[in-house]
Amino acid sequence: LIVAFIHQGPFFAVASCLHGFDRPLVVVTAPWLLERPRRGYWGRRVARWCRGVAQAGARVIPTGGNAFTTIRALLERGGTVAIAVDMPGRRETHFLGKRAMLARGTAVLAHQTGALVLPVRARRSGREIYADFAAALDPLDFADDETLHRELFAQHEQWILEQPEALESPRRTGAWEDGATADGWRRPTSRNMQ
């Protein structure tokens, strides 16, 4: 099972929402998230994310290196993997009315392993946090990974349009940064992390 979330609302709570599933959870994250948090607001935010993932009993796999191969092997053995799908990549996608270069790994992994893709969003209502799950996407129902990719992002686009104010800025460090413009989202020119 691939749990596909985006950086909208209290997305860090996705791991907590999955706590208690009958199988261990693996969360895929950028390598910088595993570094010692810096001082200040950003550092406190990163520390809170890491604490939430640890409290959920999740294992963390950093992107890069052999991550794709490791994740594929986990899925082939029936594992559950949570992936933030709204990250810069090489697949041009019509998203939020513009061209966005998005990561394509989720749909490719689903097609290679037969794993279901479960779109999820975390949203806040007052002081409470809720998880909304869409219907699982079965790769066998899609002609190819491109079609699955488009359907996954159509679901997330719908959720974003319901609460656009909850979407993290695409210009944030570690996302599209200066590559996010009114015309589209392209891979960032800098890869500095906070």
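These are my notes on the sheet, the helices against it and the nonpolar cores of a predicted model.

**Sheet.** I began with the strand order. I read it as β3-β2-β4-β1-β7-β8, six strands in an open sheet with mixed pairing. I then looked for the edges: β3 (59-62) and β8 (128-133) each have a single partner strand, so one side of each has no neighbour in the sheet. For the twist, I noted that neighbouring strands are turned by 30° against each other on average, with direction ignored.

**β2 and β3.** I checked how the edge strand β3 is held to β2 (residues 25-29). The two run parallel and are joined by four bridges. Across this pair I found valine 27 opposite valine 60 of β3.

**Helices.** I next asked which strands α4 (residues 105-113) lies across. They are β1 (2-5), β4 (80-84) and β7 (117-125), and the helix runs at about 165° to β1. I also followed α5 (residues 145-162), which packs on the sheet and touches β1, β7 and β8. The direction of α5 makes about 10° with that of β7.

**Cores.** I looked up the largest nonpolar core and found 31 residues, with Ile2, Ile71 and Val117 having the most contacts inside it. At least two residues of this core come from each of β1, β2, α3 (67-76), β4, β6 (98-102), α4 and α5. I listed the contacts of isoleucine 2, leaving out residues up to four places away in sequence; among them are Leu75, Val81, Ile83, Leu109, Val117 and Leu118. I then noted a second, separate core of 21 residues, which includes Ala56, Ala82, Ala84 and Leu118.

Notes. Residues numbered from 1 in each chain as written. Predicted model: local features only at pLDDT ≥ 70, side-chain atom pairs only at ≥ 80, totals over all residues. Heavy atoms only, no water. Pairing = 2+ DSSP bridges. Axes fitted to C-alpha atoms, helices over the stretch in contact; angles between N-to-C directions. Contact = heavy atoms within 4.5 Å. Core = buried A, V, L, I, M, F, W, Y, C linked by side-chain atoms within 4.5 Å. Buried < 20%, exposed > 50% of the residue type's maximum accessible area, 1.4 Å probe, protein only.
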